[in-house]
Amino acid sequence: MPFWQTSNGNGNAASSSTTTTSSSSTSSSSMSSNNSNGNNGCQQNQSNQLGETRSSLYYSTNAVSFVTKSLLPTRRRLRLDPPNKLFFPYEPGKQVRSAIGIKNTCKYHVAFKFQTTAPKSCYMRPPGAILAPGESLTATVFKFVEPPENNERQLDQKSRVKFKIMSLKVKGEMEYVPEMFDEQKDQVAVEQILRVIFLDPECPSPALEKLKRQLAEAEAELEARKKPPEDAGPRVVNEGLVIDEWKERRERYLARQQVEVDSV
């Protein structure tokens with residue numbers, strides 16, 4: 001075979017080989033690029049899914065925490081005795097009294113305030129106050145008992161009158177003013193809603209005896225608050241040194257008089 005045919009065949013073969021190699025290289029490059037893009041897309045999708053999972057988990061946790069807190073009972077600042085009732089002797093047409101013990105169980109000062117659904121026929125003494133940590137008092141509640149329409153005793157009748165005790169955390173000792181509850185509404189807590197329970201004054205019962213005892217304690221506390229503070233006496237400084245300004249002034253006066261007499 002002539003040499004030119006041989007050389008042309010080799011050239012075609014070489015050209016074909018070169019073309020095939022180039023095509024394979026291009027295909028490999030394309031596949032590699034597609035694989036790379038696919039991997040990046042998968043990683044991005046996984047990252048987005050992970051972020052969404054964390055976000056949903058965060059909001060779910062917050063929602064569960066909020067629901068849990070809402071279901072938990074509010075921590076009381078005051079201890080009440082009786083805890084949720086006010087006992088009154090049933091005497092129609094008269095003003096009767098009840099009593100309730102209030103104690104601050106916190107480590108800070110707490111203000112409390114009474115409210116009632118019948119302010120025209122009920123009032124409290126005191127209507128509010130500030131209690132130091134561990135301090136307690138007995139409050140008196142006054143109520144006018146409406147006479148029944150048919151002149152029958154209705155001890156079992158449920159009174160529609162209710163009382164509410166609210167509390168507020170305050171900073172140390174200060175003068176009590178009712179306006180502090182309006183100025184800090186977001187910090188006010190409802191301690192308890194008190195229901196009215198009537199007792200037969202002619203029928204002895206433990207509840208009636210306890211009411212009489214609490215009313216006596218309330219009167220004693222009221223009388224104690226009315227008394228002026230006792231004089232603590234002369235002020236003692238250091239080791240038994242008594243400071244009496246009147247005595248010192250008198251001694252200085254006598255000393256000056258003695259000096260004037262000696263000079264004469």
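Of the 264 residues in this chain, 24% count as buried. Keep in mind that you're looking at a predicted model. The chain carries four helices and 11 strands, and a four-stranded open sheet plus a 27-residue nonpolar core are good places to start looking.

**Overall picture**
- The accessible surface of the chain adds up to about 19,400 Å², and carbon and sulfur atoms account for 52% of that.
- Take the contacts between residues at least 6 apart in sequence: 72% of them join residues at least 24 apart.

**The open sheet**
- Reading across the sheet, the strand order is S1-S3-S7-S5, and the pairing is antiparallel.
- S1 (78-81) and S5 sit at the edges with a single partner strand each, so one side of each has no neighbour in the sheet.
- From one strand to the next, the twist averages 25°.
- Helix H3 (residues 206-226) lies across S1, S3 (95-104), S5 and S7, and runs at about 75° to S3.

**A closer look at edge strand S5**
- S5 covers residues 122-125 and is joined by four bridges to S7 (residues 136-144), with the two strands running antiparallel.
- Its two faces split neatly: Cys 122 and Met 124 are on the covered face, while Tyr 123 and Arg 125 are on the uncovered one.
- Across from Tyr 123 you'll find Phe 142 in S7, and across from Arg 125 there's Thr 140, also in S7.

**Nonpolar cores**
- The largest nonpolar core is made of 27 residues, and the ones with the most contacts inside it are Ile 102, Phe 112, Phe 114, Phe 163 and Ile 165.
- Not counting residues up to four places away in sequence, Phe 114 touches Ile 100, Ile 102, Met 124, Pro 126, Pro 127, Ala 139, Val 141, Lys 164, Ile 165 and Leu 194.
- Met 124 in that list is also one of the covered-face residues of S5.
- There's a second, separate core of seven residues, including Ile 130, Met 166, Val 170 and Met 180.

**Cysteines**
- With sulfur atoms having to be within 2.5 Å to qualify as a pair, the disulfide count is zero.
- Cys 106 is buried because its relative accessible area is 6%, which falls under the 20% cut-off.
- Cys 203 is partly exposed: its relative accessible area is 42%, so it lands between the 20% and 50% limits.

How values were computed: Residues numbered from 1 in each chain as written. Predicted model: local features only at pLDDT ≥ 70, side-chain atom pairs only at ≥ 80, totals over all residues. Heavy atoms only, no water. Core = buried A, V, L, I, M, F, W, Y, C linked by side-chain atoms within 4.5 Å. Buried < 20%, exposed > 50% of the residue type's maximum accessible area, 1.4 Å probe, protein only. Contact = heavy atoms within 4.5 Å. Pairing = 2+ DSSP bridges. Areas by Shrake-Rupley, 256 points an atom, 1.4 Å probe, with all protein chains shown as cover. Axes fitted to C-alpha atoms, helices over the stretch in contact; angles between N-to-C directions.
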